[in-house]
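Biologist: Show me the model, please. I want to go through the labels and ask what stands behind each.

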Amino acid sequence: MLLLGLGLATGMEFYVADSMNLVLVDLTGTLGVSLDQASWILTTYSLALFLGVPVSGWMAGHFGPKRYLIGSVALFAMASVGCMISPGLETLLICRVVQGFAASALITWWRSTIYIVLPRPHRSGNMMRASILLSLSSATGLIVSGLIAEYLNWRLIFVPALLFALGAIWLLARYYPPCPPFTSERLRTSDWQGMILLMVAVASLQILLSRGEIDDWFASSHIRTLALLGVGALVLFLLWQLHPRNRNPLLLLTVLRDRLVLSAAALGIFTGMILSGSLFVLPEFLRSAASQTLSASQAGRLMAAYAVAAAVVRSVSGQLLSRTGQRKALAIAMILLSVSMLLLNRLMTADTPAAYYMPALILYGACQAIFLPSVGSGTMSRVSDEKFLDGVTLYMTFRQFGASLGVALLTILLERRETLHSSRLYEALRAGQGTTEQWMRVGAQTLAGRDGFTPHRAQEGALDLLAHAGWRQVETLSYADAFTFMAVIAVITLFVIPLMPPTPVVKK
């Protein structure tokens with residue numbers, strides 16, 4: 001029952017995160033914003049989540065794990081109600097920030113609770129069961145929210161999250177065992193200087209990455225100011241965390257001397273980038289740029305394939321991990337990711353049937369099911385108990401940093417590639433000016449003859465058709481480049497894997 005409560009609490013976060021990515025296209029019309037502006041709904045959430053993870057240990061030390069977790073579930077549910085009734089983008093962004101802070105407890109303390117409450121022999125099996133439950137939550141979110149957005153209203157996608165919250169609060173209140181108070185002084189005291197410096201650094205750098213391409217990077221004075229402020233605050237934060245006068249640092253960076261923690265933190269950056277970036281653009285492409293655009297329910301059913309595949313493979317990934325060791329399992333996962341991303345790149349055309357993406361999605365789900373336990377559970381289970389909480393906090397902090405970085409880099413990449421492909425398309429049209437003019441004449445004649453357009457209006461209509469076809473081609477090429485970028489990230493991750501110490505292999 002405790003495991004089910006933890007699964008419902010964290011599953012609520014998984015459900016909402018996948019649902020918001022799916023319905024981003026729907027809410028642009030309701031709120032009267034562009035898709036670029038709507039993407040801030042994801043960015044602000046990721047930023048708040050990143051800021052919340054480092055303080056999650058401190059919050060649990062102050063309030064106790066049980067009260068902190070239940071309070072975070074309730075806060076997430078209240079913020080979900082706020083999202084549901086938000087009249088505009090500004091209110092929605094504020095509610096998403098609150099959701100992000102609350103979610104930091106959900107994604108951190110389900111794992112920590114299992115390690116605190118259960119004896120070592122029972123941890124691995126229960127971690128697997130919880131991971132399967134979370135994958136199924138993602139699949140449920142994609143299918144259910146797609147149906148709700150298509151046949152009802154996208155605002156109602158938060159109603160199932162409230163049901164998740166009610167079940168989680170009841171189970172956690174009833175079955176979460178009493179835990180002795182934390183003995184570590186740093187978990188019961190406040191490093192306010194560290195919190196403020198980290199908040200300034202993360203907020204400045206996130207805004208810089210999100211607005212840099214729009215504001216012409218360092219040609220803009222406020223971008224230069226944000227860069228100086230962010231880097232300066234980050235350097236001061238690191239120095240303060242390591243300073244002898246700071247007896248109770250927010251993040252205990254000295255545990256990085258443990259090779260297990262260091263490898264988990266380093267790989268955590270790539271874990272976040274892979275989780276946030278691999279399929280970040282696919283729902284947007286399928287729902288806006290493809291020739292046969294998908295409805296919310298169609299896109300949700302298609303995207304759910306990766307989550308179902310992850311749940312199935314997760315049930316046997318523990319055996320693979322024990323037989324091959326973490327390094328080989330990670331290498332297998334990165335090979336699967338590379339193949340998946342390159343397959344998406346190869347298949348991505350404006351006219352590709354949606355079902356053709358299914359094998360790539362299944363490969364990505366298999367990669368996720370092998371990669372996550374190999375980096376997180378597999379590594380942290382070998383860390384000593386006295387270092388575990390600090391190690392998990394550092395791992396999740398680096399992982400969330402990677403998630404924010406992955407979304408920001410992909411956004412920048414898409415904008416740059418759109419500019420490049422637009423210029424190339426324009427050059428191609430100029431080079432084939434005769435062919436272009438002939439196409440325009442045929443298009444104008446067709447519109448005039450079939451739809452009764454006047455000659456002037458037919459010429460404008462042909463030009464609009466050409467512009468729309470060019471936009472669709474540019475968007476398709478840009479989205480395809482994003483998957484190539486993620487394949488490159490998978491290859492880079494292969495070179496980081498040796499940082500992890502070798503693990504014993506169970507022989508047959």
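Modeller: A term to start with. A crossing is left-handed if the near helix is turned anticlockwise from the far one by less than a right angle. α14 passes α18 in such a left-handed crossing. Bear in mind that this is a predicted model.

Biologist: What makes α14 roughly antiparallel to α18?

Modeller: The angle. Helix α14 (residues 326-347) and helix α18 (residues 455-496) pack at about 165°, their axes 8 Å apart. Angles over 145 degrees count as roughly antiparallel. Therefore α14 is roughly antiparallel to α18.

Biologist: Which other helix pair packs at an angle of about 155°?

Modeller: Helix α1 (residues 2-22) with helix α8 (residues 159-175), and the axes are 8 Å apart. The cut-off is over 145 degrees. So α1 is roughly antiparallel to α8. Their crossing is left-handed.

Biologist: Back to α14. Why is Ala 329 called buried?

Modeller: Buried means under 20% relative accessible area. Ala 329 has 0%, so buried is the label. Ala 329 sits in helix α14. Its C-alpha lies 6.9 Å from that of Ser 374, with the two positions 45 residues apart in sequence.

Biologist: And how do you know that Met 341 is buried?

Modeller: Met 341 has 0% relative accessibility, so it counts as buried. Met 341 is in helix α14 too. The C-alpha atoms of Met 341 and Ala 480 are 9.0 Å apart, though 139 residues separate them along the chain.

Biologist: Why does Ser 138 count as buried?

Modeller: Its relative accessibility is 4%, and the limit is under 20%. Therefore Ser 138 is buried. Ser 138 belongs to helix α7. Asp 18 is 120 residues away along the chain, yet the C-alpha atoms are separated by 6.4 Å.

Biologist: What makes Leu 147 partly exposed?

Modeller: Partly exposed runs between 20% and 50%. Leu 147 has a relative accessible area of 35%, so it falls in that range. Leu 147 lies in helix α7. With Ile 143, Tyr 151, Leu 152, Leu 156 and Val 159, Leu 147 forms a nonpolar surface patch of about 540 Å² accessible area together. Helix α7 (residues 120-151) gives the largest share of that patch, 3 residues.

Biologist: Why is helix α12 called mostly covered?

Modeller: Of the 8 residues in helix α12 (residues 282-289), 7 are buried. Among them are Phe 285 and Arg 287.

Biologist: How do you know that Arg 287 forms a salt bridge with Asp 26?

Modeller: The salt-bridge limit is within 4 Å, nitrogen to carboxyl oxygen. The closest N and O atoms of Arg 287 and Asp 26 are 2.4 Å apart. Arg 287 is in α12 and Asp 26 in helix α2 (residues 24-31), so the pair ties together parts 261 residues apart in sequence. Arg 287 has 12% relative accessibility, so it counts as buried. Asp 26, with 23%, is partly exposed.

Biologist: How many salt bridges does the structure hold?

Modeller: It holds 2. Asp 481 and Arg 417 also meet in a salt bridge, at 2.7 Å, N to O. Asp 481 lies in helix α18 and Arg 417 in helix α16 (residues 385-431), 64 residues apart.

Biologist: Are these two buried or partly exposed?

Modeller: The line between the labels is 20%. Asp 481 has 18%, so it is buried. Arg 417 has 25%, so it counts as partly exposed.

Conventions. Residues numbered from 1 in each chain as written. Predicted model: local features only at pLDDT ≥ 70, side-chain atom pairs only at ≥ 80, totals over all residues. Heavy atoms only, no water. Patch = residues over 30% accessible without salt bridge, like charges linked within 9 Å, V, L, I, M, F, W, Y side chains within 5 Å. Areas by Shrake-Rupley, 256 points an atom, 1.4 Å probe, with all protein chains shown as cover. Salt bridge = Lys/Arg side-chain N within 4 Å of Asp/Glu carboxyl O. Helix = DSSP H or I, 4+ residues; strand = E, 2+ residues; numbered from the N terminus. Buried < 20%, exposed > 50% of the residue type's maximum accessible area, 1.4 Å probe, protein only. Axes fitted to C-alpha atoms, helices over the stretch in contact; angles between N-to-C directions. Parallel < 35°, antiparallel > 145°, perpendicular 65-115°, else oblique.
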